[in-house]
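Here are some exercises to work through with the model open beside you. Try each task before reading its solution.

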Amino acid sequence: MMIDHIALYTRDLARMRAFYQTYFDGTANTLYHNPKTGLQTYFISFGDGARLELMTRPELADCDRSRQWTGWAHLSFRVGTRENVDALTARLRADGYDVTSGPRVTGDGYYESCVLDPDGNTVEIVA
């Protein structure tokens, strides 16, 4: 058994698509739009077969989040080496994204950094 995809709601579909394509080498399919419901989606595919579905619809409400809440905590991308973690983290920081931790070795032995995507979702980058 394997996970087919993870889905994420956003108010700005184009901005989120560009983020995951630019920094994580994702490839987007053609925009899907259901005119009856207003739902619009892109599937972003990654080299290992993983997919992220980005979705929007007119009636989305913002949620009030702190750094800790129940539910999904982060999305993690393995970039292969510590040097790749360092380079991608530096690139995201230089481009104005909020790097919330690292790069560092965690207590459980991961070499990682964490950055917030354009909507404030935590994305973990690991070696």
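**Exercise 1. Find how confident the predictor is along the chain.**

Solution. The chain averages a pLDDT (the predictor's confidence in each residue, from 0 to 100) of 92. Next, 94% of the residues score at least 70. This is a predicted model, in which local features need pLDDT of at least 70 and side-chain atom pairs count only at pLDDT 80 or more, while totals for chains, interfaces and linings use all residues. Residues are numbered from 1 along each chain as its sequence is written, and side-chain values use heavy atoms, with hydrogens and water left out.

**Exercise 2. Work out which parts of the chain the salt bridge between Arg 51 and Asp 4 ties together.**

Solution. Start with the contact: a salt bridge (a side-chain nitrogen of Lys or Arg within 4 Å of a carboxyl oxygen of Asp or Glu) joins the two side chains at 2.6 Å, N to O. Then place the partners: Arg 51 lies in strand β5 (strands are DSSP E runs of at least two residues, numbered from the N terminus) and Asp 4 in the segment before β1, so the pair ties together parts 47 residues apart in sequence.

**Exercise 3. Trace the salt-bridge network that holds Asp 12, Arg 15 and Asp 119.**

Solution. First, Asp 12 meets Arg 15 at 3.9 Å, N to O. Second, Asp 119 meets Arg 15 at 2.4 Å, N to O. Shared partners thus join Asp 12, Arg 15 and Asp 119 into one network.

How values were computed. Helices (H or I, at least four residues) and strands (E, at least two) are DSSP runs, numbered from the N terminus.
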